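Please open the model in your viewer and keep the sequence panel beside it. The stops below go from the whole chain to single residues, and each begins with something to select.

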Amino acid sequence: MRTIGIFCALLLAAAVPALAKDMKASAPEWKMNATIIEACSCPTFCQCFFTTSPAGHEMHAEGHQGHAEHFCRFNNAYRVNKGDYKGVKLDGAKFWVYGDLGADFSKGQTDWAVVTFDRSTTKEQRDGIATILAHLYPVKWNSLTTAEGDIEWVPGKDEAYATLDGGKTAEVRLKRFPGMTSDPIVIRNLKYFGATHNDGFLVMPNTVEALRVGDKAFEFRGTNGFMITLDIDANTAPPAAGGN
């Protein structure tokens with residue numbers, strides 16, 4: 001029996017390094033669990049999650065009849081609950097994405113976006129977040145730039161809000177849509193872009209969603225809004241638009 005025990009111990013000792021190597025090889029290079037306070041110009045609930053063309057908005061120009069212009073102008077305020085990128089911790093990092101999906105993204109081509117990092121994030125965290133976003137939103141942008149600012153991010157069951165530079169640059173405020181009970185209305189089993197998993201869309205139309213700087217500033221009230229917590233990792237995420 002002692003001989004058998006020694007033999008089993010030797011087999012286990014030989015197997016452990018190989019097992020550890022396999023586990024290391026299968027561990028994702030990066031992963032992120034994050035919550036978004038999100039709003040856009042589409043009516044509730046945003047049709048972009050069901051089609052490839054945003055809602056039409058009646059536009060009026062002097063001397064011309066109104067016509068419908070299609071766009072989805074959005075503000076997505078993020079806080080990372082837990083994550084890492086090549087050993088760099090992302091926990092607690094905040095960032096913001098605002099922009100416009102354009103009139104038709106059926107071919108994966110979108111209009112413009114600006115990724116704003118909270119001033120407290122490090123260069124290494126920003127590099128990681130940029131890589132992850134390329135997989136979360138695997139589209140090609142006509143214009144994609146970065147910036148930095150001060151982000152305030154406050155979640156809630158009944159109301160939630162986020163501001164960029166105290167609201168001078170951008171602002172999102174959400175208010176829970178009344179349901180049959182005091183619990184939020186949740187849409188489940190609906191995919192969020194390239195995320196591997198999400199825990200459902202908490203429907204909270206905005207009281208305001210605005211971008212207040214630049215020549216593409218916008219402001220909408222009473223349109224789509226929600227909160228969502230998602231997961232994404234390098235092993236299961238779709239490839240970025242560039243194929244990486």
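## The whole chain

Begin with everything selected: in this predicted model, buried residues make up 42% of the 244 residues in the protein. Colouring by secondary structure brings up 2 helices and 17 strands, and if you then display contacts with a separation of 6 or more, 67% of them turn out to be between residues 24 or more positions apart. With a surface drawn, the protein exposes about 13,100 Å², of which carbon and sulfur atoms supply 56%.

## The nonpolar cores

Next, hide the surface and select Y78, F95, L133, L136 and Y192, the residues with the most contacts inside the largest nonpolar core, which has 41 residues. The elements that give two or more residues to this core are β1 (30–40), β4 (73–85), β6 (94–100), β7 (109–118), α2 (123–136), β14 (201–203) and β17 (225–233), and β1 gives the most, with 5 residues. Centre the view on L133: leaving aside its neighbours within four places in sequence, L133 is in contact with Y78, F95, V97 and V115. Apart from this core lies another, of 21 residues, and F71, A77, M204 and F218 are among them.

## F45 and its ring partners

Now select F45, which lies in the loop between β1 and β2 (56–59) and is joined to T44 by a cis peptide bond, with omega at about 0 degrees. The structure holds 18 aromatic pairs, and one of them is formed by F45 and F201, edge-to-face, at 5.4 Å centre to centre and with 90 degrees between the planes. This pair links distant parts of the chain, since F201 is in strand β14 and the two residues are 156 residues apart; both F45 and F201 are buried.

Add F226 to the selection: the ring centres of F45 and F226 are 5.7 Å apart and the planes are at 45 degrees, so this pair is tilted. Because F45 lies in the loop between β1 and β2 and F226 in strand β17, the pair ties together parts that are 181 residues apart in sequence. The relative accessible area is 17% for F45 and 0% for F226. To see the wider arrangement, show F45, F49, Y137, Y192, F193, F201 and F226 together, which ring pairs link into a cluster.

## Cysteines without disulfides

Select C42 and C46 next, keeping in mind that a search of the whole structure finds 0 disulfides. For C42, the nearest cysteine sulfur is that of C46, 3.8 Å away, and C42 is buried, with a relative accessible area of 0%. For C46, which is likewise in no disulfide, the nearest cysteine sulfur is that of C48, at 3.6 Å; C46 is buried, with a relative accessible area of 2%.

## Charges over rings

Two arginines can then be shown with the rings beneath them. R73 lies over the face of F71, at 3.6 Å from the ring centre, while the charged end of R173 sits over the ring of Y161, 4.4 Å from its centre.

## Two loop residues with positive phi

Finish at K86, in the loop between β4 and β5 (88–89), where phi is positive at about 50 degrees although K86 is not a glycine; at 52% relative accessibility, K86 counts as exposed. Then move to N189, in the loop between β12 (186–187) and β13 (197–198), which is not a glycine and has a positive phi of about 60 degrees; N189 counts as exposed, at 82% relative accessibility.

Methods: Residues are numbered from 1 along each chain as its sequence is written. This is a predicted model: local features need pLDDT of at least 70, side-chain atom pairs count only at pLDDT 80 or more; totals for chains, interfaces and linings use all residues. Side-chain values use heavy atoms; hydrogens and water are left out. Helices (H or I, at least four residues) and strands (E, at least two) are DSSP runs, numbered from the N terminus. Buried means under 20% relative accessible area, exposed over 50%, partly exposed in between (1.4 Å probe, protein chains only). Contact means heavy atoms within 4.5 Å. Accessible areas come from the Shrake-Rupley method with a 1.4 Å probe; for residues, only the protein chains shown count as cover. A nonpolar core is a set of buried Ala, Val, Leu, Ile, Met, Phe, Trp, Tyr and Cys residues joined through side-chain atoms within 4.5 Å. A disulfide is a pair of cysteine sulfur atoms within 2.5 Å. Rings of Phe, Tyr and Trp (its six-membered ring) pair if their centres lie within 6.5 Å; planes under 30 degrees apart count as stacked, over 60 as edge-to-face and the rest as tilted. A charge sits over a ring if NZ of Lys or CZ of Arg is within 6 Å of the ring centre and within 35 degrees of the ring normal.
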